[in-house]
Amino acid sequence: MNPVIARALLPLALVVSSFAVSHTRDPLQLFVNEFPMILAHDSATTYLPYGELKVVDRWTKTQDDGGFKKMLECGSRAFDIRPKVSRQGSLVMHHGSIEVNVLFMEGVKEVIQWSANQKKDVDNFVLLYVTD
């Protein structure tokens with residue numbers, strides 16, 4: 001194999017082998033930081049109305065439309081959620097200076113409702129990673 005291609009593929013091979021190794025262990029014996037899951041960065045941006053955002057603010061939207069439920073259905077199991085108190089005094093979510101006009105608890109309820117209808121096993125473990 002071409003050495004340049006081999007060097008380019010090495011990080012991918014390490015990720016795949018790490019994933020495979022973690023799946024050979026009993027998932028109930030893993031620490032949370034060892035558990036393989038898809039993380040949605042700035043997950044609340046799923047609620048931002050893309051068409052209504054200014055051109056610069058469109059860079060804020062890192063997730064497709066559809067809410068947390070759609071993201072869960074697509075395989076996301078970890079959510080980077082950033083709450084803040086709005087000018088009106090409500091707990092909403094944000095990405096940087098862009099406020100997401102959805103109540104924090106509405107997003108959490110969406111995750112709880114989805115989880116209530118799923119098989120109770122390790123593949124449906126959901127992590128809400130709350131920062132800020």
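**Notebook: sheet, hairpin and helix α3**

I began with the sheet and found three strands forming an open sheet in the order β1-β2-β6, with parallel pairing. At its edges I noted β1 (38-40) and β6 (127-130), each of which pairs on one side only. From one strand to the next the twist averages 25°. I keep in mind that this is a predicted model.

**Confidence.** I looked up the pLDDT before going further: the protein chain averages 81, and 80% of the residues score at least 70. Over residues 1-22 the pLDDT stays under 50, and for this stretch the model has six contacts beyond four places in sequence, so I left residues 1-22 out of the entries that follow.

**Strand β2.** I then turned to β2 (residues 76-81), which runs parallel to β6 and is joined to β6 by four bridges. Within this part of the sheet I found Asp80 standing opposite Tyr129 in β6.

I also looked up Phe79, which is found in strand β2, and asked whether Phe79 is buried or exposed. Its relative accessibility is 0%, so Phe79 counts as buried. Leaving aside neighbours within four places in sequence, I listed the residues in contact with Phe79, among them Leu39, Ala40 and Ser43, then Phe68, Met71 and Leu72, and also Val126, Leu127, Leu128 and Tyr129. I added one distance to this entry: the C-alpha atoms of Phe79 and His41 are separated by 6.7 Å, although the two residues are 38 residues apart along the chain.

**Asp42.** I located Asp42 in the loop between β1 and α2. Asp42 has a positive phi of about 45°, although it is not a glycine. I noted as well that Asp42 counts as buried, because its relative accessibility is 2% and the cut-off for buried is under 20%.

**Hairpin β4-β5.** Next I followed β4 and β5, which run antiparallel and are joined by four bridges. The two strands form a hairpin with two residues between them, and in the turn Gly96 has a positive phi of about 60°. Across this pair I saw His95 opposite Ile98 in β5.

Which side chains of β5 point to the buried face? I found that Ile98, Val100 and Val102 point to one face and are buried, while Glu99, Asn101 and Leu103 point to the other and are not buried. This agrees with the general rule that side chains in a regular strand alternate between the two faces of the sheet.

**Ser86.** I placed Ser86 in the loop between β3 and β4, and at 6% relative accessibility Ser86 counts as buried. Not counting residues up to four places away in sequence, Ser86 touches Val92 and Glu99.

**Helix α3.** Last I looked up α3 (residues 104-116), whose 13 residues reach 19 Å from the first C-alpha to the last, close to the 18 Å expected at 1.5 Å a residue. I listed its buried residues as Phe104, Gly107, Val108, Glu110, Val111 and Trp114. Why do they line one face of the helix? Seen down the axis of α3, the buried residues fall within an arc of 150°, so they line one face. On the face turned away from this buried side I found the exposed residues Ile112, Gln113 and Ala116.

I then checked what the buried residues of α3 pack against, and noted α2 (67-73), β2, β3 (83-85), β4 (91-95), β5 (98-103) and β6. The list thus takes in both strands of the hairpin, as well as β2 and β6 from the open sheet.

Note on methods
Residues are numbered from 1 along each chain as its sequence is written. Side-chain values use heavy atoms; hydrogens and water are left out. pLDDT is the predictor's confidence in each residue, from 0 to 100. Contact means heavy atoms within 4.5 Å. Two strands pair if DSSP finds at least two bridges between them. Axes are lines fitted to C-alpha atoms, for helices over the stretch in contact, and angles run from 0 to 180 degrees between N-to-C directions. The expected span of a helix is 1.5 Å times one less than its number of residues. Buried means under 20% relative accessible area, exposed over 50%, partly exposed in between (1.4 Å probe, protein chains only). The arc is that of the directions from the helix axis to the C-beta atoms.
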